[in-house]
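The following account leads through a single protein model, from its surface to its interior and on to its charged pairs. Please keep the sequence and the coordinates in view while reading.

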Amino acid sequence: MARRALLSETEIAARVAEIPQWKREGNSIARIWKFRDFPEALAFIDKIGVLAESMNHHPDIYNSWATVRLVLTTHDKGGLTNLDIDLAKK
């Protein structure tokens with residue numbers, strides 16, 4: 001299965017079922033984490049950054065004090081691919 005090929009609606013439904021903490025939002029998936037404080041949230045963002053760079057796949061990251069929201073989509077393909085699901089699983 002090609003990691004950067006766009007998924008069909010059937011494939012998206014099956015793959016998103018593997019990551020129930022994530023919610024589909026149009027051509028992306030998103031999840032929110034809440035931490036005790038800003039330094040804990042920032043440490044999480046740093047870990048995500050290292051992981052994302054190792055996969056050469058970079059999420060949209062939103063931070064508001066102790067809350068972090070990640071949004072995954074394969075921008076250059078215009079939608080969801082296996083790469084998004086694989087990163088979400090990690």
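**From surface patch to core and salt bridges**

Phe38, Leu42 and Trp65 make up a nonpolar patch on the surface, with a combined accessible area of about 310 Å². Patches consist of residues with over 30% relative accessible area and no salt bridge, where like charges are joined within 9 Å and nonpolar side chains (Val, Leu, Ile, Met, Phe, Trp, Tyr) within 5 Å. Accessible areas follow the Shrake-Rupley method with a 1.4 Å probe, and for residues only the protein chains shown count as cover. The model is predicted: local features need pLDDT of at least 70, side-chain atom pairs count only at pLDDT 80 or more, and totals for chains, interfaces and linings use all residues. Residues are numbered from 1 along each chain as its sequence is written, and side-chain values use heavy atoms, with hydrogens and water left out.

Phe38 belongs to helix α2; helices (H or I, at least four residues) and strands (E, at least two) are DSSP runs, numbered from the N terminus. Phe38 counts as partly exposed because its relative accessibility is 33%, where buried means under 20% relative accessible area, exposed over 50%, and partly exposed in between (1.4 Å probe, protein chains only). Trp65 lies in the turn of the hairpin formed by β3 and β4, which has two residues between the strands, and Trp65 has a positive phi of about 50°. Strand β3 (residues 60-64) pairs with β4 in the antiparallel sense over five bridges; two strands pair if DSSP finds at least two bridges between them. Within this pairing, Tyr62 stands opposite Arg69 of β4.

The interior comes next. The largest nonpolar core contains 21 residues, and those with the most contacts inside it are Trp22, Ile29, Phe44, Val68 and Leu70. Such a core is a set of buried Ala, Val, Leu, Ile, Met, Phe, Trp, Tyr and Cys residues joined through side-chain atoms within 4.5 Å. Two or more residues of this core come from each of α1, β2, α2, β4 and α3, and α2 gives the most, with five residues. Beyond its neighbours within four places in sequence, Ile29 is in contact (heavy atoms within 4.5 Å) with residues including Trp22, Leu70, Asp84, Ile85 and Ala88.

Helix α3 (residues 82-89) is mostly covered, with six of its eight residues buried. These are Asn82, Leu83, Asp84, Ile85, Leu87 and Ala88. They pack against α1 (9-16), β2 (28-34), α2 (38-55) and β4 (67-72).

Side chains of opposite charge can pair when their charged atoms come close. The whole structure holds eight salt bridges, each a side-chain nitrogen of Lys or Arg within 4 Å of a carboxyl oxygen of Asp or Glu. One of them joins Arg24 to Glu9, with the closest N and O atoms 2.9 Å apart. Since Arg24 lies in strand β1 (residues 23-25) and Glu9 in helix α1, the pair ties together parts that are 15 residues apart in sequence. Arg24 is partly exposed, at 35% relative accessible area, whereas Glu9 is exposed, at 52%.

Another salt bridge links Arg15 and Glu18 (3.1 Å, N to O). Here Arg15 is buried, with a relative accessible area of 10%, while Glu18 is partly exposed at 38%. Both residues belong to a network of salt bridges that also links Arg3, Asp86 and Lys89.
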